[in-house]
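These are my notebook entries on a structure that was new to me. I record what I looked up, entry by entry.

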Amino acid sequence: MTGGDGVDDDEPAGGVPAAGWRAAARDRRVWAILAVVAFLLVCCCSAAAGTLLALATGLFTA
């Protein structure tokens, strides 16, 4: 996308290569963020599964 000043936002600035997937995969911060997201996803899913199991148990025993 070109702005009003004629600079293309998709082009790397000043001869610096654009950060690709390989460069991101080598960055430890990316892996740390992915680990936190995975941990939160597992916790939320297990909490939801536990809640559903408790509700189902309560409905079957009532």
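Entry on Arg-29. I looked up the exposure of Arg-29 first, bearing in mind that the model is predicted. Arg-29 counts as exposed, because its relative accessibility is 60% and the cut-off for exposed is over 50%. I then looked for a charged partner and found that the side chain of Arg-29 meets that of Asp-27 in a salt bridge, with 2.9 Å from N to O. Asp-27 is partly exposed, at a relative accessible area of 23%. I noted that the structure holds one salt bridge.

Entry on the chain. I asked how many helices and strands the chain has. The count came to two helices and zero strands. I next looked up what share of the 62 residues is buried. The share of buried residues is 0%. For the chain I recorded an accessible surface of about 5700 Å², and 71% of this surface belongs to carbon and sulfur atoms.

Entry on the nonpolar patch. I asked which residues make a nonpolar surface patch of about 310 Å². The residues are Val-36, Phe-39 and Leu-40. I followed Phe-39 further and placed it in helix 2, which covers residues 28-61. Phe-39 counts as exposed, because its relative accessibility is 56%.

Entry on Thr-61. I found Thr-61 in helix 2 as well. Thr-61 is exposed, with 62% relative accessible area. I then looked up what its side chain reaches, and two backbone oxygens came up. The side chain of Thr-61 reaches the backbone oxygen of Thr-57 at 3.0 Å. A polar atom of that side chain also lies 3.3 Å from the backbone oxygen of Gly-58.

Entry on the cysteines. I searched the whole structure for disulfides and found zero. Cys-43 is in no disulfide, and the nearest cysteine sulfur, that of Cys-44, is 6.9 Å away. I asked why Cys-44 has no bond to Cys-43. The two sulfurs are 6.9 Å apart, which is too far for a bond, because a disulfide needs the sulfur atoms within 2.5 Å. I added as a reminder that a disulfide is a covalent bond between the sulfur atoms of two cysteines. Lastly I looked up the exposure of both residues: Cys-43 is partly exposed, at a relative accessible area of 32%, whereas Cys-44 is exposed, at 52%.

Technical notes. Residues are numbered from 1 along each chain as its sequence is written. This is a predicted model: local features need pLDDT of at least 70, side-chain atom pairs count only at pLDDT 80 or more; totals for chains, interfaces and linings use all residues. Side-chain values use heavy atoms; hydrogens and water are left out. Patches are made of residues with over 30% relative accessible area and no salt bridge: like charges are joined within 9 Å, nonpolar side chains (Val, Leu, Ile, Met, Phe, Trp, Tyr) within 5 Å. Accessible areas come from the Shrake-Rupley method with a 1.4 Å probe; for residues, only the protein chains shown count as cover. A salt bridge is a side-chain nitrogen of Lys or Arg within 4 Å of a carboxyl oxygen of Asp or Glu. Helices (H or I, at least four residues) and strands (E, at least two) are DSSP runs, numbered from the N terminus. Buried means under 20% relative accessible area, exposed over 50%, partly exposed in between (1.4 Å probe, protein chains only). A polar contact is a pair of N or O atoms within 3.5 Å; within protein, one must be able to donate a hydrogen and the other to accept it, and residues adjacent in sequence count only if both atoms are side-chain atoms.
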